[in-house]
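Hi,

Here is the structure I said I would pass on. Have a look at it first, and my notes on what turned up follow below.

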Amino acid sequence: MVYSVISVYSVVNDNKESNMSEEIYTKLAQSLIDGDPDACVELTKQALAEGVEPLAIIRQGLMPGMNVVGEKFGTGEYFLPDLIIAADGMQQAMALLDPELQARQQSVESLGTMVIGTVKGDIHEIGKSLVATMLSANGFKVHDLGVDVPTEKFVAAVNEYGANLVGLSALLTTTMTMQKQVIAALQEAGVRGQVKVMVGGAPVTRSWAEEIGADGYAEDAMSAVALARKLAGD
Ligand code: B12
């Protein structure tokens, strides 16, 4: 079954080049919605070959597609295998886009050291990895601890790498509370004062960040970079 994703685009362009990009964004989103990872990979390659910016491919093609998949899962129209197939497509596309993102931004001076991971009980990794890639492409030294990371591992990594930033990702309402637990553990270990804690993930909000005593919240990878810059400079 084919679904329309036109409605997810807010940008209206009228020149030919933009129309071409828009067409490819629509196809990319559709490939995830249709559960066609091969098409997603081919379209990503095609977009790169046509000179479309990797970040635009993610923001205007892949993410709107994933959002539709998530909505359909939420309403019971899609099932877990649909999520898995879509995530596979997005991850394969990200593997192509990662080096391109890295190559576009080169910074000689390290702006700070971040330890990042998806909290315990949560295996969502795409958004966390995107944030890690964008931070490292923008001059931060990033230690990605992966997914389902136990609280004590965050604390140990802060000590091991002398981190000044911690990034905690949570995609489930049930695992958001682990962000709070990590902050408490950092406090208990006596290292809370040396690190700024950033939280993010689809269900996370600014008010949640404030409630649990995090130093900042960012809704996407680009704002995560701006936030990390601000926090590292504080
Ligand atoms: C792909 C996916 C999966 C994949 C993940 C594969 C992988 N390797 O990552 C699989 C199939 C494994 C999966 C499993 C499950 N999922 Co899931 N999943 C999704 C889906 C469709 C997309 C997530 C995604 O990758 N988005 C794309 C990335 C780029 O966006 P993002 O993660 O939001 O990240 C951005 C920002 O949030 C932010 N950000 C993220 N992390 C951080 C960290 C910091 C520090 C900062 C500053 C910013 C930041 O920046 C990122 C980049 O812009 C979402 C729906 C949705 N739209 O979010 C559901 C969703 C998150 N899943 C959901 C559920 C329920 C589950 C399962 C429980 C299903 C089940 N019955 O088993 C399991 C849980 C498994 C577990 N224990 O973790 C629900 C969560 C509901 C809730 N509110 O709790 C959602 C919302 C779907 C829905 N509508 O119901 N899932």
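Before the sheet, one convention: two strands pair if DSSP finds at least two bridges between them. On that basis S1 pairs with S2, since five bridges join them and the two strands run parallel. Gly112 stands opposite Phe140 in S2. Please keep in mind throughout that this is a predicted model.

The overall picture

The chain has nine helices and five strands. Starting at the N terminus, the elements run α-α-α-α-β-α-β-α-β-α-β-α-β-α. The chain has 234 residues, of which 46% count as buried.

The sheet

The five strands form an open sheet with parallel pairing, in the order S2-S1-S3-S4-S5. Strand S2 (140-144) and S5 stand at the edges with a single partner strand each, so one side of each is left without a neighbour in the sheet.

Going through the other pairs, S1 and S3 run parallel over five bridges, and the partner of Ile116 in S3 is Gly167. Five bridges also join strand S3 (residues 165-169) to S4, again in parallel, with Val166 opposite Val197 in S4. S4 and strand S5 (residues 216-217) are joined by two bridges and run parallel; here Val199 has Tyr217 in S5 as its bridge partner.

How does the chain get from one strand to another? From S3 it crosses through helix H7 (residues 176-188) to S4, and that β-α-β crossover is right-handed. S1, H5 and S2 make a right-handed β-α-β unit, and S4, helix H8 (residues 206-211) and S5 make a right-handed one as well.

How much of the sheet is covered? For S1, seven of its seven residues are buried. That holds for both faces: Gly112, Met114, Ile116 and Thr118 are buried on one side, and Thr113, Val115 and Gly117 on the other. The pattern of names fits a general point: in a regular strand the side chains alternate between the two faces of the sheet. Strand S4 (residues 196-200) is mostly covered too, with four of its five residues buried.

The cobalt and the pocket

Which protein atom reaches the cobalt of the ligand? The single donor from the protein is NE2 of His124, 2.3 Å away. His124 is found in the loop between strand S1 (112-118) and helix H5 (126-137).

His124 comes up again in the largest pocket, which has a volume of about 1500 Å³. Of the 45 lining residues, the closest to the pocket centre are His124, Ile126, Gly127, Leu171 and Ala202. The elements that give two or more residues to the lining are helix H3 (54-74), helix H4 (80-104), S1, H5, S3, S4 and helix H9 (221-233). H3 provides the largest share, 10 residues. By type, the lining divides into 29 nonpolar, 10 polar and six charged residues.

A few single residues

Asp148 is worth a look for its backbone. Most residues other than glycine have a negative phi. Asp148 is not a glycine, yet its phi is positive, at about 55°. Asp148 lies in the loop between S2 and helix H6 (151-161). Is Asp148 buried or exposed? Neither: its relative accessible area is 30%, so it counts as partly exposed.

Two more residues are placed against partners from elsewhere in the sequence. Asp82 lies in helix H4, and it is 47 residues from Gly35 in sequence but 6.6 Å from Gly35 in space, C-alpha to C-alpha. Asp82 is partly exposed, with a relative accessible area of 28%.

Asn67 lies in helix H3, the helix that gives 10 residues to the pocket lining. Asn67 and Ile33 are 34 residues apart in sequence, and their C-alpha atoms are 9.1 Å apart. With a relative accessible area of 45%, Asn67 is also partly exposed.

That is what I have for now. Over to you!

Terms used. Residues are numbered from 1 along each chain as its sequence is written. This is a predicted model: local features need pLDDT of at least 70, side-chain atom pairs count only at pLDDT 80 or more; totals for chains, interfaces and linings use all residues. Side-chain values use heavy atoms; hydrogens and water are left out. Buried means under 20% relative accessible area, exposed over 50%, partly exposed in between (1.4 Å probe, protein chains only). A crossover is right-handed if, with the strands pointing away from the viewer, the path from the first strand over the helix to the second runs clockwise. Donors are N, O and S atoms within 2.8 Å of the metal (3.2 Å for Na, K and Ca); water is not among the atoms, so sites may look incomplete. On a 1 Å grid over the protein atoms alone, a cavity is a set of points where a 1.4 Å probe fits but cannot get out, and a pocket is an open set with protein on both sides within 12 Å along at least five of seven lines; lining residues have an atom within 4 Å of a point. Grid points are joined across faces, edges and corners, and a volume is the space filled by probe spheres set on the points. Ala, Val, Leu, Ile, Met, Phe, Trp, Tyr, Cys and Pro count as nonpolar, Asp, Glu, Lys and Arg as charged, and the others, Gly among them, as polar.
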